[in-house]
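Visitor: I have a chain to look at. Please show me how its descriptions are earned.
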Amino acid sequence: MRLLKPSLAAVLWAALAACSGPPEEPTAMPKIPDWRSLTGSVAYRERIMLSPAATVVIRLEDVSLADASSTLLAEQTIETPGQVPVAFELIYNPKIINPRSTYVVRATIYEGSEMRFVTDTAYPVLTQGTGKNADLMLVAADRGQAKVGSQLLDTQWQLVSINGEVILAGPTGKKPSIRLSSADNTVGGFAGCNNFSAEYSEEDGKLVIGEIAMTMMACMETMELESNYVASLRASDAFKIQERQLRTYTADGEELLIFEAQN
């Protein structure tokens, strides 16, 4: 019986099949974050028109750490915004948001390279019941930018006393503290249990601390200390630095807080 020779195509097909391994698994596509948006508006009270050279910059920041600079999470730059109010939308990744942390929105309006309007108040968002919308009211930059002395700024100040009562470290092993940043006119600190943040300015030669945003931890042992400390900060109207000590006073000259420089 005559055997039929396989065709050349069949031979090649068999060779390819023998050399080839099992099919490779398809490469998994990177997972795209479930982005969310934070909306709001930017405005100011002055009756001043913005020029076509104006730029609005809005930032979402994590201000939870008292002894560190804020962390930028999202930013939007709006060129040629028209006139206020200017609507904005910040896109952020919700997976990096910690419900126990504190987040704020800040804004600056520039005319060319000149800063014209800034936020002088903290606008908390996202956590602790604050929501996903913020309507920011800015002030003129010459009023919002502090001119306090360089000795006060960018120094970690640790609390020594409140109304003459010496303060000892609490259960956390830390004393309350405060630090004013020259980079963004913000003040942050540790109040005994919670971290806090705010913006500061100088008005008529007096240091003004804006609305204070705080984390929401409950510490029964230090609640009274924290309450007294924050109340004294809000009541502080003047300050003096002498021999590495920062002292704050009421408008009537009563001494409230004494701090010592740590760096």
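Guide: A residue is called buried under 20% relative accessible area, exposed over 50%, and partly exposed in between (1.4 Å probe, protein chains only). This is a predicted model: local features need pLDDT of at least 70, side-chain atom pairs count only at pLDDT 80 or more, and totals for chains, interfaces and linings use all residues. Residues are numbered from 1 along each chain as its sequence is written, and side-chain values use heavy atoms, without hydrogens and water.

Visitor: What share of the chain counts as buried?

Guide: Of its 263 residues, 43% do.

Visitor: What makes 223-235 a helix, and how does its reach compare with the span expected?

Guide: Helices are DSSP runs of H or I with at least four residues, numbered from the N terminus; strands are E runs of at least two. Helix 3 has 13 residues. The expected span is 1.5 Å times one less than the number of residues. That gives 18 Å, and helix 3 reaches 18 Å from its first C-alpha to its last, close to what is expected.

Visitor: Which residues of helix 3 are buried?

Guide: L225, E226, Y229, V230, S232 and L233 fall under the cut-off.

Visitor: Why are they said to be on the same side?

Guide: The arc is taken from the directions from the helix axis to the C-beta atoms. Theirs covers only 160°, so they sit on the same side of helix 3. E224 and R234, on the other side, are exposed.

Visitor: How many helices and strands does the chain have?

Guide: Three helices and 18 strands.
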